[in-house]
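Please look over the model shown here with the following points in hand. They take up the ligand site, the internal space, two backbone angles and a few separations along the chain.

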Amino acid sequence: MTDLPEHVRRNRAYWDTLAAEYVGPGERNWASEEPSWGIWGIPDAEVRLLPAELAGRDVIELGCGTAYISAWLARRGARPVGIDNSPAQLETATRLQREHGVEFPLILGNAEAVPLPDASFDVAISEYGAALWADPYKWIPEAARLLRPGGELIFLTNGLLCILCVPDLEADGPATDRLRRPYFGMHRNEWPDSDGVEFHLGHGDWIRLLRANGFEITDLIELRPPDGATSTYPWVTAEWARSWPSEEVWRARRR
Ligand SMILES: C[S@@+](CC[C@H](N)C(=O)[O-])C[C@H]1O[C@@H](n2cnc3c(N)ncnc32)[C@H](O)[C@@H]1O
């Protein structure tokens, strides 16, 4: 624990306290046969974020939380491994594995330094895991190291515009149509009312970072919730998210 980077140590304590709130969503997602994504629960059938061919493929989920994505992948014949920084989140994941009879390796650790060999995976995936809570200048090179040539990286995080438009304090309400912080220089971000440390990059920085680590970018999907969608998260309304992207998914292929 003491040799972990400062932001990883802080995020471990933060996620251990948040884990209880993620038990319910984890249970619902494990019980669901149909994968769905992000805060709006958009069905995979609509956005097709999962690779078409999963049987026999080695997948690493970076920041797996309760590991429901790995469970969906395992049921489709993939061989997932989940890594997460929070013992409490992994406790829920382990219990749900037992209850559903779907077992795969779970590792307690930092997605910026994964204790697994080079080129051992065909797919690396993260939904608000490493994609949001780990330093992209550390975890993107690590994902590149872990993937075999031709392997795919898929990650979902907050939409860039949304991060620019949300108030500093959650109590001040959801994102509006006003830009509240600079775009240039985005990287580490600490909200004044949260103990966690997040990371956000501008799109040019994401493109350069991915290309510098041997990735060819194949898509940037800006998720749009359907009319009438609801979310339990306070930082963005469905009305806002119908006009501007509240979530974005990057897809890239390892050369
Ligand atoms: C929002 S959850 C993501 C899991 C799930 N997809 C979800 O949306 O609930 C964020 C997870 O990222 C994990 N995490 C944060 N920093 C991490 C790091 N450096 N390495 C691995 N996991 C990390 C947290 O412990 C937490 O379980």
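**Notes on the predicted model**

1. Ala-119 has a relative accessibility of 34%, so this residue counts as partly exposed. This is a predicted model, and Ala-119 is raised at the outset for its backbone, since this residue, although not a glycine, has a positive phi of about 50 degrees. Its place is in the loop between β5 (106–108) and β6 (121–127).

2. Arg-48 deserves a look for its backbone as well, as it is not a glycine and yet has a positive phi of about 50 degrees. The residue sits in the loop between α3 (44–47) and β3 (58–62). With a relative accessibility of 57%, it lies over the 50% cut-off and therefore counts as exposed.

3. Leu-49 is found in the loop between α3 and β3, and with a relative accessible area of 1% this leucine is buried. Its C-alpha atom is separated by 18 Å from the C-alpha atom of Leu-210, although 161 residues along the chain lie between the two positions as a count of sequence separation.

4. The ligand is surrounded by 18 residues, of which Asp-84, Gln-89, Asn-110, Ala-111 and Glu-127 come nearest. By class, this shell divides into 8 nonpolar, 8 polar and 2 charged residues.

5. Which residues place a polar side-chain atom beside a nitrogen atom of the ligand? For Tyr-68 the distance from such an atom to a ligand nitrogen is 3.1 Å, and for Glu-127 the corresponding distance is 2.8 Å. Asn-85 contributes through its backbone, with an N or O atom that lies 3.2 Å from a nitrogen atom of the ligand. Taken alone the ligand exposes 590 Å², and the protein buries 96% of that area.

6. On internal space, the structure holds 1 cavity of 30 Å³ or more, and the largest cavity contains about 60 Å³ of space. Its lining is made up of Thr-157, Asn-158, Leu-160, Ile-163, Met-186, Phe-199, His-200, Leu-201, Trp-206 and Glu-248. These lining residues divide into 6 nonpolar, 3 polar and 1 charged. Among the secondary-structure elements, β7 (147–158) and α8 (160–165) each supply at least two residues of the lining.

7. Cys-64 lies in the loop between β3 and α4 (68–75). Is this cysteine buried or exposed? Its relative accessible area is 4%, which is under the 20% cut-off, and so Cys-64 is buried. The C-alpha atoms of Cys-64 and Arg-251 are separated by 18 Å, and these two residues are 187 residues apart along the chain.

8. Leu-108, by contrast of topic, is found in strand β5, and its relative accessible area of 45% makes it partly exposed. How far is its C-alpha atom from that of Glu-222, given that the two residues are 114 residues apart along the chain? The separation between these C-alpha atoms is 31 Å.

Technical notes:
Residues numbered from 1 in each chain as written. Predicted model: local features only at pLDDT ≥ 70, side-chain atom pairs only at ≥ 80, totals over all residues. Heavy atoms only, no water. Near = heavy atom within 4 Å. Polar contact = N/O pair within 3.5 Å; in protein donor to acceptor, adjacent residues only side chain to side chain. Areas by Shrake-Rupley, 256 points an atom, 1.4 Å probe, with all protein chains shown as cover. Nonpolar A, V, L, I, M, F, W, Y, C, P; charged D, E, K, R; others polar. 1 Å grid on protein atoms, 1.4 Å probe; cavity = no way out; pocket = protein on both sides within 12 Å on 5 of 7 lines; lining within 4 Å. Points joined across faces, edges and corners; volume = space filled by probe spheres on them. Helix = DSSP H or I, 4+ residues; strand = E, 2+ residues; numbered from the N terminus. Buried < 20%, exposed > 50% of the residue type's maximum accessible area, 1.4 Å probe, protein only.
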